[in-house]
Amino acid sequence: DGRPDGGIRQSADGEDGLDSPGDVFVFDQKLLGDDGNTVIGRNAGYCIRTDPGMPDWSGKDAPNLPDDATNNWGQCTWTLTFYADGPSGYEGTIQVSGREGDVGTSDIAIVGGTGDFKGAWGVLSTTPEPQCQGVLFRQVLEVHWEH
């Protein structure tokens, strides 16, 4: 949940003050259920900007980079933590890692899990949905694990 009340989204910008390759942002936000309001856990991780191709949410893009002019890309790794005895009915974590764009749906690999998700694998599809303040990332899990 990238909205203002959703949690931390902090950039660690390079010296140029622009959206540039190598810039990092970290986040630790609420993980919401299907209804978009019920908190079922936390969503925490980081992304390293690899291709700042188009103007992003900051409006501070590095000019004249040979890149994808239709999207911004980052290499991201994060953990979805499901609260014990929470409304999801699951307890544990799912770890994901892969290339994520600022526009459109990105399919990110599920690389592991703990607790109820021990041995997890599959795909997390994430789609940014701009809100009046901030961005909500709609995440859909296609997860398989040992039961």
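Begin by selecting β3 (residues 39-52) together with β4 (72-82), two strands of this predicted model that pair in the antiparallel sense over eleven bridges. Within this pairing, show the side chains of Cys 47 and Cys 76, since the former stands opposite the latter, which belongs to β4.

Keep β3 on screen and add β2 (residues 24-32), which runs antiparallel to β3 and is joined to it by nine bridges. Along this second pairing, pick out Gln 29, which stands opposite Asn 43 of β3, and then move to Leu 32, whose bridge partner in β3 is Val 39. Six residues lie between the strands of this hairpin of β2 and β3, and it is worth selecting Gly 36 there, which takes a positive phi near 80°.

From the hairpin, turn to the largest pocket, which has a volume of about 510 Å³. To find its centre, select Leu 32, Gly 33, Asp 34, Ile 40 and Gln 139, which are the closest to that point among the 23 residues of the lining. Leu 32 is thus a residue to revisit, as it is both the bridge partner of Val 39 and one of those closest to the centre of the pocket. If you colour by element, the ones that give two or more residues to the lining are β2, β3, β4 and β8 (135-144), and β8 gives the most, with seven residues. Colouring the lining by residue class instead will show 14 nonpolar, five polar and four charged residues.

Next, hide the pocket and display the largest nonpolar core, a set of 17 residues in which Trp 78, Leu 80, Phe 82, Ile 94 and Val 96 touch the most other members. The elements that give two or more residues to this core are β2, β3, β4, β5 (92-101) and β6 (106-113), and the largest share, four residues, comes from β4. In soluble globular proteins, nonpolar side chains tend to be buried together.

Finish by centring the view on Leu 80, one of the core residues just listed, and by displaying what surrounds it. Leaving aside residues up to four places away in sequence, Leu 80 touches Leu 31, Arg 42, Asn 43, Gly 92, Thr 93, Ile 94, Leu 124, Gln 139 and Leu 141. Several of these names will be familiar from earlier stops, including Asn 43, which has Gln 29 opposite, and Gln 139, which is among the residues closest to the centre of the largest pocket.

Definitions and conventions
Residues are numbered from 1 along each chain as its sequence is written. This is a predicted model: local features need pLDDT of at least 70, side-chain atom pairs count only at pLDDT 80 or more; totals for chains, interfaces and linings use all residues. Side-chain values use heavy atoms; hydrogens and water are left out. Two strands pair if DSSP finds at least two bridges between them. On a 1 Å grid over the protein atoms alone, a cavity is a set of points where a 1.4 Å probe fits but cannot get out, and a pocket is an open set with protein on both sides within 12 Å along at least five of seven lines; lining residues have an atom within 4 Å of a point. Grid points are joined across faces, edges and corners, and a volume is the space filled by probe spheres set on the points. Ala, Val, Leu, Ile, Met, Phe, Trp, Tyr, Cys and Pro count as nonpolar, Asp, Glu, Lys and Arg as charged, and the others, Gly among them, as polar. A nonpolar core is a set of buried Ala, Val, Leu, Ile, Met, Phe, Trp, Tyr and Cys residues joined through side-chain atoms within 4.5 Å. Buried means under 20% relative accessible area, exposed over 50%, partly exposed in between (1.4 Å probe, protein chains only). Contact means heavy atoms within 4.5 Å.
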